[in-house]
Amino acid sequence: MKFYRKSFLKFKILALSLLVLSVTQELYAESFRVRKTHVIQLESPRDKQTSVMGINDAMIIRLPKDDAFIQGVELSIKVPKVVADWTDSVAWSLYTGISESANEKTVNYSAKRIKVGTFASGLSLNLKIPVKDNHSIKQDAYSQLVNENTLNQGNFIFFRLQLAMKGTDDEIYNSQFTVSVKPILEDKGILRIETKDPFGTQIKPYTVFIDGKQTEIQNNEIVLHTGTYNISFISDYYRNELREVTIEQAKTSVVSVDFRDIRPLVQVIMPSNAKVFFDDAEIKDAKKSFYTVQGKHTIKFVLGDYELIKTLTVANGKNYTISLEMDASVQEE
């Protein structure tokens, strides 16, 4: 038992020596050979993939083409019990300077180590690896945040496992780690605006207000934090429109607006045997609403020998309903 503790202390010192050496090597490129290279291609921002790695294996994690909302990658590693029992016996490392052409057949590398750590006691390790300088990833009690931005080379991350102690038995050397990979997404989404002119012509100018604040929209899209927003569309050429939209994480939410004619819209309700004249022009089909121009107008109803003339003032962007009502009263004597 005493021999085991002394040997373990010796191995511990060797592990610490490896870490010190690795810190020095972060400044310089090193050449190394791996047993196998695993390649994980994340297909989408919500993709999650898993691979099994052995000691002295490497993993290339390629990000999806649609990486606008990806601010990092999370590695969830299941640690073999024998490795957890032998604290710091195995090291993990991140590298930069790996060739873009590296693939499953590549075993020889020359690169700079930018981060190194070991597996302490515990059957799991979660690493959060940022891929953007400006990120909002936080370290918590269940994960370790790697502060370095690893994507100063290409659109991928290079991860490696290796022994950190000498003299370990075959059980450790033959151990396997299950590594699950998923993107860490920003808490944002895209608002896309699709508009249509009422006359089928080119869209005329309009202004967008988001929650009451005037907002510039480039190419009909804008990135917003997740949540629910009120979107107002104000124009001198169309009627004002109001929409409510919910922005979801790493998704595109579409708001469609079929702009309406800004001219005042008038609807007339009257008996079928009556006639109506608007500004002295007879309305042939009074069942249909019609547009006019803003300002003062006269409307005349003719029903037999009965004639009624009214004056009304209309404004752009408003709807008006004009009703001719006939009433009869009955009195008992």
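Is Glu30 buried or exposed? Select Glu30 to start the tour: with a relative accessibility of 12%, this residue counts as buried. Keep in mind as you click along that the model is a predicted one.

**Stop 1: Glu30 and its partner**

Keep Glu30 selected and add Arg113. The two residues form a salt bridge, and their closest N and O atoms are 3.2 Å apart. Now colour by strand. Glu30 belongs to β1 (residues 29-33) and Arg113 to β7 (residues 108-118), so this pair ties together parts that lie 83 residues apart in sequence. Arg113 is buried too, at a relative accessible area of 2%. The cut-off for buried is under 20%, so Glu30, at 12%, falls within it.

**Stop 2: the open sheet**

Next, show the strands as a cartoon and find the open sheet of five strands. Reading across, the order is β3-β11-β5-β8-β9, and the pairing is mixed. Select residues 49-54 for β3 and 144-145 for β9: these strands stand at the edges, each with a single partner strand, so one side of each has no neighbour in the sheet.

Then move inward to residues 70-78, which make up β5, and residues 176-185, which make up β11. These two strands run antiparallel to each other and pair over eight bridges. For a landmark along the pairing, pick Leu75, which stands opposite Val181 of β11.

**Stop 3: a pair within one helix**

Which helix holds both Asp85 and Lys81? Select residues 81-85, and you have helix α2, where the two residues sit four apart, about one turn of the helix. Their side chains meet in a salt bridge, at 3.0 Å from N to O. Switch on a surface and compare the two ends of the pair: Lys81 is exposed, with a relative accessible area of 58%, whereas Asp85 counts as partly exposed at 43%.

**Stop 4: Asp197 and Lys204**

Now select Asp197 together with Lys204. Here the closest N and O atoms of the salt bridge are 4.0 Å apart. Asp197 counts as buried at 4% relative accessibility, while Lys204 is partly exposed, with a relative accessible area of 29%.

From here, go on to Glu241, Arg243 and Arg260. Salt bridges with shared partners join these three residues into one network.

**Last look**

How many salt bridges does a search of the whole structure find? The count is twelve, and those you have visited include Arg113 with Glu30, Asp85 with Lys81 and Asp197 with Lys204.

Conventions
Residues numbered from 1 in each chain as written. Predicted model: local features only at pLDDT ≥ 70, side-chain atom pairs only at ≥ 80, totals over all residues. Heavy atoms only, no water. Pairing = 2+ DSSP bridges. Buried < 20%, exposed > 50% of the residue type's maximum accessible area, 1.4 Å probe, protein only.
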